[in-house]
Every structure is written in structure tokens, then in C-alpha cells.
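Thank you all for coming; I would like to walk you through one structure slowly, element by element. Please keep the sequence and the view in front of you as I go.

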Amino acid sequence: NNYGPRQYPEKLIPKTIINALDGKKIPIYGNGKQIRDWLYVDDHADAVEKILFNKKSNGNKFNVSGDNQISNLKLVITICNYLNKKITNKPKQISKFEDLIMFVNDRPGHDKKYFLNSKKIRKKINWKPKFQINAGLKSTIDWYLINKNWWKKKNN
């Protein structure tokens, strides 16, 4: 899963950030134990650029992944914890952002876990992600905090 600034508000990370900031419930499918591998948008762009301009990549196919596997629930809690430290004036009805987490019925056929093996791109053209999940999340959350006008327009 890709993530970062300007991601459409319906996706898990921006939806979590936006709902928390608006004091709305943060929906988690099922028990939230589904595991995803997260790739920060700048790392993805860097990988594509390396593939395009590296002679060793000619004719090859590569999996690009962040090697940042985390459950949806842990991801949402990580976002909430960061917001708890960042935001001093929380919506009145909550003491901490985790209070907004709400478990909802899981989607039919929802995958329990998915991720890619990106050993080939790492070995063949020496690419690896620069952003671990915590650094990428901080950058993403800070962007959403600064750019409320952008996501308010998209979210209406």
C-alpha cells in the first residue's frame, strides 16, 4: 500500500487522520489484524525513477515494497498516538484519539495479509526505501495538519 501527502481521503491513513481531527469515529474493519506492507510515496517514486534510468533494469519486472508490515489496528493506533502528542486541543468528547476507534463489519473476502518480496530490486539495482513507517507517517500526518483546506475540499 502506498501512502503519503495528498492521498485521497477515503484511504485508511488519511481517513484516520481526518476523522480524528474532526472528532469522528475511525472505522476499523473486523478485528484490525489484517497486515499490510506500507510504501511511502517518495520511496515509490524513487524506485520507479531508478527502474527507468538504470541499465540493469532493462526488460526486468520488479516488485516494489516498503518492508513496513503492520496491522491496520496498530497503524491506526500509531497515528492516534502521534496526534495525541501533536494536538493539544482535542475535540471535547474525547480524551485521546484512540477513543474514536470503532470496529465495523469486515468486508467480504478481505485479505488477511499481503505484501511483496522486493529482494530483486534491492539486489539488481540497489534500491531500498528510505522511509520506515514511523517517519513516513509523521511526514504524512504533518502534511494533513498543515493542509486542512486541501482535504476539506476533497472530503466534501
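The crossing of α1 and α3 is right-handed, and I should say at once that what we are looking at is a predicted model. On the α1 side the contact is made by L12, I13, T16, I17, A20 and L21, while α3 contributes N72, L75, V76, I79 and L83. Sorted by class, the residues of this contact of α1 with α3 are 9 nonpolar and 2 polar, with no charged ones. As for the geometry, α1, which covers residues 12-22, and α3, which covers residues 72-86, pack at an angle of about 40 degrees, and their axes are 10 Å apart. That angle is what makes α1 oblique to α3.

Let me stay with α1 for a moment, and ask how many of its residues are buried. The count is 8 of its 11 residues, so that the helix is mostly covered, where buried means under 20% relative accessible area. The buried ones are I13, P14, T16, I17, I18, N19, A20 and L21. What covers these buried residues of α1 includes two strands, β1 at 2-3 and β2 at 26-29, together with the helices α3, α5 and α6. Just after α1 comes G23, which takes a positive phi of about 70 degrees.

Two of the residues of α1 bring us to T140, which is found in helix α5, residues 133-146. Leaving aside its neighbours within four places in sequence, T140 is in contact with I13 and I17, and also with Y3, G4, P5 and Y40. Is T140 buried or exposed? Its relative accessibility is 1%, and therefore T140 counts as buried.

From α5 we can move on to α6, residues 148-155, which packs with α5 at an angle of about 80 degrees, the two axes being 5 Å apart. The two helices, α5 and α6, are therefore roughly perpendicular to each other. Their contact is made by W143, Y144, L145 and I146 of α5, and by K148, W150 and W151 of α6. By class, the contact of α5 with α6 has 6 nonpolar residues, no polar residues and 1 charged residue.

Now to the strands, where there is an open sheet of 3 strands in the order β5-β3-β7, with mixed pairing. The strands β5, at 69-71, and β7, at 113-114, stand at the edges with a single partner strand each, so one side of each has no neighbour in the sheet. Between β3, residues 35-37, and β5 there are 3 bridges, and these two strands run antiparallel. Within that pair, I35 stands opposite S71 in β5. The helix α3, which we met at the start, packs on this sheet and touches β3 and β5, and its direction makes about 85 degrees with that of β5.

I will finish with two loop residues, and the question of which backbone angle they show. R6 is not a glycine, yet it has a positive phi of about 70 degrees, and R6 is found in the loop between β1 and α1. With a relative accessibility of 55%, R6 counts as exposed. N126, also a residue other than glycine, has a phi near 60 degrees, again a positive value. Its place is in the loop between α4, at 119-124, and α5, and N126 is exposed, with a relative accessible area of 60%.

Terms used: Residues are numbered from 1 along each chain as its sequence is written. This is a predicted model: local features need pLDDT of at least 70, side-chain atom pairs count only at pLDDT 80 or more; totals for chains, interfaces and linings use all residues. Side-chain values use heavy atoms; hydrogens and water are left out. Axes are lines fitted to C-alpha atoms, for helices over the stretch in contact, and angles run from 0 to 180 degrees between N-to-C directions. Helices (H or I, at least four residues) and strands (E, at least two) are DSSP runs, numbered from the N terminus. Angles under 35 degrees count as roughly parallel, over 145 as roughly antiparallel, 65 to 115 as roughly perpendicular and the rest as oblique. A crossing is left-handed if the near helix is turned anticlockwise from the far one by less than a right angle, and right-handed if clockwise. Contact means heavy atoms within 4.5 Å. Ala, Val, Leu, Ile, Met, Phe, Trp, Tyr, Cys and Pro count as nonpolar, Asp, Glu, Lys and Arg as charged, and the others, Gly among them, as polar. Buried means under 20% relative accessible area, exposed over 50%, partly exposed in between (1.4 Å probe, protein chains only). Two strands pair if DSSP finds at least two bridges between them.
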